[in-house]
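Me: I've got a two-chain model open and I'd like to talk it through with you. Can we go piece by piece?

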Amino acid sequence: MKHYRAHLLVCAGTGCVSSGSFKLKEALEKEIKTRKLEDEVLVITTGCNGFCERGPIVMVHPDGIFYQLLKPADVPLIVEEHLLKGRPVKKLMYVPPEDKTPIPKMKDIEFFKHQRLIVLRNRGRIDPEKIDEYIAFDGYEAMGKALSLMTSEEIIKEIDASGLRGRGGAGFPTGRKWDACRRVKGSPKYLICNGDEGDPGAFMDRSVLEADPHAVLEGMVIGAKAIGAAKGYIYIRHEYPLALQRMAIAIKQAREYGLLGKDILGTGFDFDAEIVEGAGAFVSGEETALMASVEGRVAMPRQRPPYPAQKGLWGKPTVINNVETWATVPNIIRRGSDWFAGLGTKTSKGTKIFSLVGKINNTGLVEVPMGISLRDVIYGIGGGIPQNREFKAVQIGGPSGGCIPAKLLDLPVDYESLTEAGAMMGSGGMIVMDDKTCMVDVAKYFMNFLRDESCGKCVSCREGTQRMWEILRDITEGKGTESGLRLLEELALACKDASMCGLGQTAANPVLSTLRYFRHEFEAHILDKRCPAGVCKSLIRYVVLPEKCTGCQACKKACPNDCIKGTLKDVHTIVQANCIKCGACQEACRFEAIEAQRDEAIQII
Amino acid sequence: MAAKKKLRVQDLAKIREKAKALTTIRESEGRAKVTVHMGTCGIAAGAREVMDALLDEIRKNNVTDVIVTTSGCAGLCNREPMATVEFKDQPPVKYVDLTPEKMRKVFVEHVLLGRMVTDYVLAVGSETMY
């Protein structure tokens, strides 16, 4: 390996790529060449760094300087000032919103400071397409240990003692799942990595696959030894092209090195893995549906038991774990179960990755110790709500999860607490909502997603999600009734009780949890015909506030339906009959003279 | 690319050893740090050649635990090119009037063998910060 005095790590997770990081890399390489530094400075691309809000991101080592929001035009300055003259460029560093001083080092930035990396330890640190870099940071060491020094029982004992629970959502103890499969007689046995991440706003698995694909492979080989499997499948949805590409490269490199295939590391153990590309149905994330999909059938769940550990893929014993779970395994084997169990709460050990999205300042991917409070995640790491608006709720666990209100902000993040509060750990999506979010509208959004994604096998889910969505739609349109609300609750419980798989059983959660904490909002829609958050279009109307209007005509120009009247320097008016409530006028107004009124009952004709 | 050799357990450690320089830089944790002062004055006086010589020495000796970095003008422009050698938990040592040959000597004597080359040293320690 050639010696370079400086390494430039360009973030190439999907977030940064879409904000232009490949162009940035090209510009960096070109400028470095012009300055004749190509033998001194190395430019590589890494997986998602986590701070997606600030992409494209470049880390400069050995100085540890964090540059953000870069454009190709910034490149000459970085190369000349920092790389040549050794003066880090202040104006390209991160400045916290409430502060004026730039923070040069990543480890001092609030967003990174409170995170604890286990699964994401290699994010923004290695080039995921170079197996040697993974090995350099202790990669495949755990696999070597498991294959040459440990028995199946010892591996399972270690995983069990660590307290690791499935990171896909349900939280089943991983060691017990493996042990069940190990004990079942039957051959061959299979392993599956579930990378069918379908929750809106969630991108944990994608980032792990993009940033550290070898960690997933290493975990799978260790699992294979534990249960006695020789073949594994990695199920990734086709909407994740970068993840698919990097995993394909990783598998190829691992095979070349003999880390997959026959006689791995000369230990006599055989295991190989292949990628199965999913078509992107949400229900494919359910384990039995996923297995059907791998077998080439329509992704529809089946009754459990028998569980996959008894009868899985092609009727053979199968262990299926989530991407994050597999990527955690090598760390536990390498550093020991005590080390892992030292972090977290009594029942939830280690760390969990969350994708932080919605109305939050620091959008991105975070890995935090179990048991951290929601407040620390949202206000500490996440930097709070944009424009200093009020926090209203956080939706955790995807469509199957639920909303947690502001009064529970100090809730610790662990499996039990979240379930008790009506949400669930899920795979780890956190959608933050501010006071301008209508909770009925949120419930409607998730129900719309679910009625679309229901596979249709169970009536309770197929019809239930459709009817629940219709009732929610009516409520947001001002056509809701009290009997409709009662029916909604009844349907929700029926869907939960009578559906076969996880999708149907949890499909009512968006309704039940919003009703539990925000019933008054439903009632305001139904009884007063108003939307307290000012979101539901049928229940608001835009009006011009005469005392604030300057008659600048900006709104008039913005209106797509020509329904604003008024001449220059005169107060304008909106013709309600023609207004389509698109809100364009409100966005165009620089004087806050247009308001979405919702305080009074509006007659619905 | 020709088919790679299949690895054995002990080969992993060899790859890790070979990649030591990479982890040293990414973790920012070297045994020693050499800073070449590359302000306009430094570059004009030949800091680039000094840097080239330093990197060449590192590669030749297969050194993996030393961090090389640059910094701006140190304020003593007439004594450029300058370089600072720093060991963990020890005061930095500033060298002045360097040439590529002197840099090579400083690297071998001071960084590798731990003997300060007093003939070229300006001062030991940091400047007083207010």
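Me: Okay, how is chain A divided into domains, and what is the span of domain 5?
Reply: Keep in mind that this is a predicted model. Going along chain A, you get domain 1 at 6-107, domain 2 at 131-340 and domain 3 at 351-434. After those come domain 4 at 439-527 and, for domain 5, 540-597.

Me: How far apart are the C-alpha centres of domain 1 and domain 4 of chain A?
Reply: Domain 1 of chain A covers 6-107 and domain 4 covers 439-527. Take the C-alpha centre of each, and the separation comes out at 46 Å.

Me: Let's look at the sheet with β5 in chain A. Which strands stand at its edges?
Reply: It's an open sheet of five strands with mixed pairing, in the order β7-β8-β6-β5-β9 (chain A). Two of these strands have a single partner each, so one side of each is left without a neighbour in the sheet: β7 (261-264) and β9 (318-322) of chain A.

Me: And how are neighbouring strands of that sheet turned against each other on average?
Reply: For the order β7-β8-β6-β5-β9 in chain A, ignore strand direction and take the average over neighbours: 25 degrees.

Me: Do β5 and β9 of chain A run parallel or antiparallel, and which residue stands opposite A:Tyr190?
Reply: Strand β5 (residues 190-195) of chain A is joined to β9(A) by five bridges, and the two run parallel. In that pairing, the residue of β9(A) opposite A:Tyr190 is A:Thr318.

Me: Which helix lies across β5, β6, β8 and β9 of chain A?
Reply: Look for a helix running at about 110 degrees to β5(A). Its residues are 287-294, and the strands under discussion include β6 (231-237) and β8 (269-278) of chain A. That's helix α12 of chain A.

Me: Now helices. Is α7(A) roughly parallel or roughly perpendicular to α13(A)?
Reply: Helix α7 (residues 152-162) and helix α13 (residues 323-335) of chain A have axes that come within 10 Å and cross at roughly 100 degrees. Angles from 65 to 115 degrees get one label. That makes the pair roughly perpendicular.

Me: What is the make-up of that contact by class?
Reply: From α7(A) you have A:Ile155, A:Glu158, A:Ile159 and A:Ser162, and from α13(A) there's A:Val329, A:Ile332 and A:Ile333. Sort them by class and you get five nonpolar, one polar and one charged.

Me: What about α10(A) and α11(A): oblique or roughly parallel?
Reply: Helix α10 (residues 213-227) and helix α11 (residues 241-256) of chain A pack at about 55 degrees, with their axes 9 Å apart. An angle under 35 degrees would count as roughly parallel. At this angle, α10(A) is therefore oblique to α11(A).

Me: Which residues of α10(A) make that contact?
Reply: The helices pass in a right-handed crossing. On α11(A), the contact uses A:Arg246, A:Met247, A:Ala250, A:Ile251 and A:Ala254. The α10(A) side is A:Pro213, A:His214 and A:Leu217.

Me: There's also a sheet with β10 of chain A. Which residue of β11(A) stands opposite A:Phe354?
Reply: Five strands form this open, mixed sheet, in the order β11-β10-β14-β12-β13 (chain A). Its edge strands are β11 (364-369) and β13 (402-405). Strand β10 (residues 351-358) of chain A runs antiparallel to β11(A), with six bridges between them, and A:Phe354 sits opposite A:Val366.

Me: Over to chain B: what pattern does it follow along the sequence?
Reply: Chain B has five helices and five strands. Its C-alpha trace spans about 55 × 30 × 25 Å along the principal axes. Read along the sequence, the pattern is α-α-β-α-α-β-β-β-α-β.

Me: Which helix supplies the largest share of the side of chain A that touches chain B?
Reply: The contact takes 29 residues from chain A and 29 from chain B. On the chain A side, α5 (131-136) and α6 (141-149) each supply at least two residues. The largest share, four residues, comes from α5(A).

Me: Last one: where is the cis peptide bond that leads to B:Pro81?
Reply: B:Pro81 lies in the loop between β2 (66-71) and β3 (83-87) of chain B. Omega is near -10 degrees, and the cis bond runs from B:Glu80 to B:Pro81.

Key: Residues numbered from 1 in each chain as written. Chains lettered and ligands numbered in written order. Predicted model: local features only at pLDDT ≥ 70, side-chain atom pairs only at ≥ 80, totals over all residues. Contact = placed C-beta atoms within 7 Å. Axes fitted to C-alpha atoms, helices over the stretch in contact; angles between N-to-C directions. Parallel < 35°, antiparallel > 145°, perpendicular 65-115°, else oblique. Left-handed = near helix turned anticlockwise from the far one by under 90°. Domains from an automatic or database assignment. Pairing = 2+ DSSP bridges. Nonpolar A, V, L, I, M, F, W, Y, C, P; charged D, E, K, R; others polar.
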